Amino acid sequence: MMSIERTWLKLHTHQSLESKCIKRGSPYRVVVAIGGIRSGKSLCIARWLLDRGQWDTAQMHALFANIKGQLDTILQDVTPWIEAAGIEWQAHRQPPQEWRERWRLLGIPVPPRRTSYRGILILSTGLHVQLGSLDNRSYMRIKGAKWGSLIIEEVCHGAQEDAVRYLFERVNCSLGPQRCAELHHHVKVLHSNPPDDDGHWIYDWLARRERQAAKRAGFDQPEISDTYPCLLRGIGEAIYIPSRTIDNVENLPAEFIDDMMNSIDDDTADKVLK
């Protein structure tokens with residue numbers, strides 16, 4: 001397998017930071033990455049898959065988006081990076097026998113066999129990822145799942161807080177604290193462009209996380225905090241990583257930002273391109 005680091009010529013600051021925060025040994029259990037359109041957040045999904053495929057294949061993991069079409073688009077963006085790393089992948093069908101044989105010979109642990117592989121992404125490294133969407137509350141059909149890690153995409157555009165809570169509760173295992181700490185690093189990641197609505201629930205959600213982090217660190221807790229100093233500094237088990245479209249401008253068409261600026265009002269541009 002090609003070195004993961006060689007798969008990218010350059011990582012932007014937010015991409016490098018998120019990649020470190022979701023790796024084994026990181027102190028973070030919740031990572032929130034909200035930033036501009038086409039700012040490069042999808043690249044972090046590929047790095048998550050590649051990293052977990054090296055050491056955390058015994059557990060099932062999960063990737064969710066608001067609707068199936070959105071999930072398909074995300075996979076179209078992510079899988080070329082997987083292939084560039086020299087790793088094969090497939091979805092919605094059982095793994096080839098040669099993969100199973102290689103996993104057995106190399107002692108690579110994988111989740112138990114299933115009667116159906118619909119909605120499952122599998123890498124040749126042995127990594128299994130459950131794919132799902134939030135539309136029509138379809139996530140409620142998931143019962144008894146245990147995931148090693150989870151990414152929810154576009155959480156600010158259609159997802160409800162109860163859906164996030166429901167999925168978060170399934171990131172766990174049955175090994176107990178000591179064995180879990182030795183073998184796992186459970187992490188939950190939220191990706192999104194900024195919400196259109198200034199009253200979106202994500203702001204209250206972040207404010208609660210901010211107050212929790214401040215309390216545990218022994219800091220004064222303001223009643224209202226919309227700057228999230230603890231989350232931005234990674235104080236505690238959660239970290240907030242903003243990103244900007246301009247950070248990724250070298251990978252976008254020359255006219256992309258100008259076209260966006262000309263097609264939306266200034267307030268909206270400030271949100272979606274920041």
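**Helix crossing, a pocket and confidence**

Colleague: In this predicted model, at what angle do the axes of helix H5 (residues 161-168) and helix H7 (residues 201-217) cross, and how is that orientation classed?

Modeller: The two axes, of H5 and of H7, come within 10 Å and cross at roughly 50°. Angles under 35 degrees count as roughly parallel and 65 to 115 as roughly perpendicular, and H5 and H7 are therefore classed as oblique.

Colleague: Which residues meet where H5 contacts H7, and how many of them are charged?

Modeller: From H5, Glu161, Val164 and Phe168 meet Trp201, Trp205, Arg208 and Arg209 of H7. By class, this contact has 4 nonpolar residues and no polar ones, while the number of charged residues is 3.

Colleague: Which elements give two or more residues to the lining of the second largest pocket?

Modeller: The second largest pocket holds about 510 Å³ of space, and 18 residues line it, with Gly119, Leu131, Gly132, Ser133 and Arg141 nearest its centre. By class, the lining has 7 nonpolar, 6 polar and 5 charged residues. The elements that contribute two or more residues are helix H3 (68-84) and strand S5 (128-133).

Colleague: Where does the pLDDT fall below 50?

Modeller: The protein averages a pLDDT of 85, and 81% of the residues score at least 70. Where pLDDT is low, the predicted coordinates should not be read in detail. That caution concerns two stretches, which have 17 and 11 contacts respectively beyond their near neighbours in sequence, namely residues 2-9 and residues 251-257.

Key. Residues numbered from 1 in each chain as written. Predicted model: local features only at pLDDT ≥ 70, side-chain atom pairs only at ≥ 80, totals over all residues. Heavy atoms only, no water. pLDDT = per-residue confidence, 0-100. Contact = heavy atoms within 4.5 Å. 1 Å grid on protein atoms, 1.4 Å probe; cavity = no way out; pocket = protein on both sides within 12 Å on 5 of 7 lines; lining within 4 Å. Points joined across faces, edges and corners; volume = space filled by probe spheres on them. Helix = DSSP H or I, 4+ residues; strand = E, 2+ residues; numbered from the N terminus. Nonpolar A, V, L, I, M, F, W, Y, C, P; charged D, E, K, R; others polar. Axes fitted to C-alpha atoms, helices over the stretch in contact; angles between N-to-C directions. Parallel < 35°, antiparallel > 145°, perpendicular 65-115°, else oblique.
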